Amino acid sequence: MNLTSRLPRIRRAILFSLVTASTTGAVLVLGTILAAEGFSILELGILALFGLLFAWITTAFWTSCAGFVLHLIGRHGHRLCSGDGPMKAAAQADQPASRTALVMPVYNEDPERVLAGLQATLQSLLQCSAEGRFDLFILSDSTDPEVWLAEELAWSRLNREFAGKLPVYYRHRPKNLARKSGNIADFCESWGYLYDYMIVLDADSIMSGQCLVQLVRRMDANPQVGLIQVPPVPVLRESLFARSQQFAASVFGPIFATGLSFWFEGGSNYWGHNAIIRLAPFMAHCGLPNLPGREPFGGEILSHDFVEAALLRRAGWEVWLADDLSGSFEEPPPTLIDHAKRDRRWCQGNLQHLRIVFAEGLKPLSRLHLGMGIMSYLSSVFWFLLLLLSGLEAWRQGQIEHSYFIDGNLFPNWPVSYAFEATTLLAITLSILYLPKLLGYLALFLDRRRLLAHGGALKAGLSLLLESLTSILLAPILMLFQMSFVVSILAGRSVRWAAQQRDDGETSWAEATAAHFGHCAVALVAGWLSFTYVPEFFFWLTPVLLGPALSIPLSRFTSRVDVGQRLLRWGIFLTPCETDPPRVLQDLTRRLAKSAAEDHGGTAKGALFERAIADPFVNALHLTLLKGERRSRSERLRLDALIARLQEQGPASLSKEEKRDLLSDSKSMTSLHALAWRAIEEGPAVLGPGTFTQTA
Amino acid sequence: MPAKQTDSSSGGDEMARARLLTGLDRYLQAAGVNGESARHRLARAVLHSLRDQLPQSGKPDWQALIAAVDTVLSGEHQIDVQPDLLCRGRIAQGYGTVPQPLKAQLDRTANWGSPLPSRRPMPAQALSTWRPRLAWLGSPSIWRPAQGVMISLCCLAVVFVP
């Protein structure tokens with residue numbers, strides 16, 4: 001085994017040693033402070049929790065440090081390990097000859113946004129002369145009848161725009177088994193055999209053509225690689241909360257991604273979208289089983305991405321993080337509450353990995369990724385417990401009087417001050433938390449264009465301070481959110497599958513009060529208890545309590561778009577995607593503005609169900625996309641009864657589920673179309689007042 | 001008065017035919033046929049294709065009319081349709097000036113929204129929990145990193161504990 005092949009192991013050993021050494025050092029210092037008068041059970045608990053959490057934050061710290069050093073010497077994570085050879089050769093190769101499917105699973109998403117994103121991505125792809133090598137699949141699991149029909153119309157427009165240049169396909173699943181992973185698996189099982197690779201996009205994903213082509217080239221050049229993930233950069237949101245997140249991701253994200261890529265190399269992870277996957281091994285080794293037992297820990301695997309990466313690795317395939325590729329974007333949640341809602345879903349998925357992390361045959365690094373995913377939510381519970389135990393310990397210490405004379409000892413037992421050690425430990429902990437931010441800021445100075453794109457040294461520095469302040473206030477709120485999620489999941493409550501909020505919807509006072517009333521109460525009670533019983537601890541606790549105590553106005557304020565826009569005008573939280581947006585984002589913004597100004601045949605207004613019945617084109621389009629399904633006699637009778645109700649009482653008398661049932665049946669839709677036109681000819685009385693008369 | 005009866009029935013037929021033509025005209029307009037003369041021509045073609053049904057019922061039902069419209073529009077746009085997907089005639093019309101490749105796609109692919117699927121199931125992977133085995137304890141590949149960790153910890157202890 002030569003040095004090059006041992007390099008990945010050596011790097012991971014270095015990371016492991018750094019984390020272990022820093023944690024051991026910090027635990028020893030804290031242990032010395034706590035052991036002054038012997039260990040109590042409380043103190044042992046504090047020490048254990050502190051060690052666990054310190055190791056957690058230290059991992060992120062050393063990752064950022066590695067990333068910063070690599071940026072400093074002008075290298076990226078993966079190039080060091082895989083060598084310039086294959087990647088460089090791949091980059092110089094001609095256009096890829098392999099066939100790639102771009103797949104976008106959608107579930108009740110805004111079709112206009114999905115359409116604009118895909119148009120921008122495909123347009124960018126065509127500018128890279130990639131005709132004939134990419135096909136697009138829109139894989140719909142939408143259950144809302146209006147969204148389903150709007151998707152079909154959007155697909156038809158997309159198909160018309162790219163006809164002859166790039167095939168665009170649409171598939172709607174009547175039953176969304178196994179959610180997103182089931183949707184992707186259905187694609188693989190049906191059409192996977194046609195393609196070498198698939199690039200998975202989320203509904204809010206945007207990828208430049210250059211990035212897509214580069215991903216395919218890298219896969220072609222590295223046959224041992226099963227998956228390449230490109231870190232998605234959050235963009236396009238305008239609320240204060242989202243813009244601070246976008247700024248943080250833009251400044252600190254690159255060094256962190258480079259660090260991750262450096263440590264993990266071919267043992268990296270999959271984040272669910274904006275990644276290219278080699279289809280043959282994925283289909284052979286990534287079929288997900290149902291976990292035994294009931295939800296929330298059993299049943300379908302929710303956070304499928306980590307597990308799929310682990311399964312690919314188990315089968316001997318490499319998983320890479322392409323930290324050097326640009327042109328991969330996504331939209332962050334616009335508000336704190338939306339962020340928490342997304343966290344709720346992820347939390348259940350990640351905690352479910354407790355059953356998978358010890359699965360047979362997984363690589364140690366895959367177990368580490370799964371463990372880190374679990375820890376990202378459990379850490380909130382541990383932070384909370386640490387605060388609680390520290391408060392109790394402070395109170396206990398306040399109750400004990402120091403005894404200067406111990407029986408049998410002639411010399412007085414003077415109290416020893418550990419103020420210096422305690423202050424040093426606090427300073428080290430704070431440094432480990434905030435130094436990565438500072439390193440991200442310093443890394444801006446390595447590239448003048450990047451620094452200017454973030455507003456220059458002064459404004460970027462001001463933004464950094466403001467972002468740190470925001471995160472200090474919001475972190476304890478997120479801790480309380482995540483703790484309540486963990487508790488509710490452990491209590492057996494499962495999450496339902498809801499579409500993500502993707503536009504800049506602001507939080508109302510009522511919404512903020514409902515979401516944060518509990519946080520506010522916890523902060524006030526904890527503040528009162530500590531102030532009354534352990535006043536000296538109260539002042540230490542103030543930074544943690546301030547955020548939750550102000551959570552209601554804070555949540556409302558950070559959701560405001562006008563504040564975000566004002567800061568944008570002042571040059572605060574600027575990112576390169578705002579100052580000099582790439583062409584693909586410019587195209588998306590232009591298309592969204594155009595779509596908002598136009599009304600594509602009433603698709604935005606709703607009432608598409610009525611159009612699907614009466615409009616000859618919409619009806620025909622829907623019928624051609626339906627799969628013929630045999631219906632039982634009782635089901636046919638039920639559908640006929642729905643048609644009769646529709647005729648007598650109009651579409652408002654049907655529920656969403658009933659409309660969906662009718663839309664799923666081609667025979668019913670054909671009959672309804674004919675009935676609608678008979679009604680139009682004979683007068684509206686046949687089909688009920690005002691029904692189906694729009695088209696005529 | 002047989003002659004008079006024939007007159008009234010032929011007058012009634014004419015009225016029914018006129019109503020039918022009006023209805024067809026509205027339908028074709030809704031389907032995207034904008035030119036009046038084109039609609040007129042297509043409506044006559046539809047009636048011609050339904051000539052076998054007309055004398056019996058006086059007026060065919062709308063389902064038959066719509067199917068005939070689809071057939072005529074398919075012919076107009078020169079697309080080959082399957083019996084169960086007649087509605088493609090309306091789609092071809094709805095697309096207006098359709099580039100040639102899309103027409104080809106309409107012709108050949110049975111399932112228009114996606115290519116022909118071929119079910120190749122993804123086998124569900126085993127994720128049963130790992131359990132330690134006795135043989136594992138004797139594995140030198142496990143012990144070497146562990147030894148490294150132990151040595152690192154001992155060094156740290158020497159540095160920090162005093």
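Chain A contains 27 helices and 10 strands. The model is a predicted one. Chain A has 696 residues, and 55% of them count as buried. Its exposed surface comes to about 29400 Å². Carbon and sulfur atoms supply 62% of that area. Among contacts in chain A with a separation of 6 or more, 83% join residues 24 or more positions apart.

Seven of the strands are arranged in one sheet. This sheet of 7 strands is open and has the order 3-2-1-4-8-6-9 in chain A. Its pairing is mixed. Strand 3 (168–172) and strand 9 (318–321) of chain A are the edge strands, and each pairs on one side only. From one strand to the next, the twist averages 20 degrees. At one end of the order, strand 9 of chain A runs parallel to strand 6 (residues 225–229) of chain A, and 4 bridges join the two. Within this pairing, Ile228(A) has Trp320(A) of strand 9 as its bridge partner. Helix 5 (residues 111–126) of chain A lies across three strands: strand 1 (100–106), strand 2 (134–140) and strand 3 of chain A. The helix runs at about 170 degrees to strand 1 of chain A.

A further sheet consists of 3 strands in chain A. It is open, with mixed pairing and the order 5-10-7. Strand 5 (206–207) and strand 7 (233–234) of chain A stand at the edges. Each has a single partner strand, so one side of each lacks a neighbour in the sheet. Strand 7 of chain A runs parallel to strand 10 (residues 328–330) of chain A, with 2 bridges joining them. Pro234(A) has Glu330(A), in strand 10 of chain A, as its bridge partner. In sheets generally, strands pair through backbone hydrogen bonds, either parallel or antiparallel.

Aromatic rings were examined next. The whole structure holds 18 aromatic pairs over all chains. In one of them, the ring centres of Tyr441(A) and Phe445(A) lie 5.2 Å apart. Their planes stand at 85 degrees, so the pair is edge-to-face, a class that requires an angle over 60 degrees. The two residues can also be described by their accessibility. Tyr441(A) is buried, at a relative accessible area of 15%, whereas Phe445(A) is partly exposed, at 42%. Elsewhere, ring pairs link five residues into a cluster: Phe137(A), Tyr169(A), Phe187(A), Trp191(A) and Tyr195(A). Phe137(A) belongs to this cluster, and strand 2 of chain A spans residues 134–140. Tyr169(A) is another member, and strand 3 of chain A covers 168–172.

The UniProt record, an unreviewed entry, lists several spans of chain A under "transmembrane region". They are residues 45–70, 247–264, 374–395, 416–435, 472–491 and 512–531. Two of these spans were examined in the model. Residues 472–491 of chain A are 95% helix and 0% strand, and their end C-alpha atoms lie 29 Å apart. Residues 512–531 of chain A are 100% helix and 0% strand, with end C-alpha atoms 27 Å apart.

Ser463(A) lies in helix 16 (residues 456–490) of chain A. Its relative accessibility is 0%, so Ser463(A) counts as buried, the cut-off being under 20%. Neighbours within four places in sequence aside, Ser463(A) is in contact with Phe247(A), Gly571(A), Ile572(A) and Phe573(A). Of these partners, Phe247(A) falls at the start of the 247–264 span listed in the UniProt record.

Technical notes:
Residues numbered from 1 in each chain as written. Chains lettered and ligands numbered in written order. Predicted model: local features only at pLDDT ≥ 70, side-chain atom pairs only at ≥ 80, totals over all residues. Heavy atoms only, no water. Phe/Tyr/Trp six-rings, centres within 6.5 Å; stacked < 30°, edge-to-face > 60°. Buried < 20%, exposed > 50% of the residue type's maximum accessible area, 1.4 Å probe, protein only. Pairing = 2+ DSSP bridges. Axes fitted to C-alpha atoms, helices over the stretch in contact; angles between N-to-C directions. Contact = heavy atoms within 4.5 Å. UniProt positions renumbered as here; feature names shortened; annotations may be inferred. Areas by Shrake-Rupley, 256 points an atom, 1.4 Å probe, with all protein chains shown as cover.
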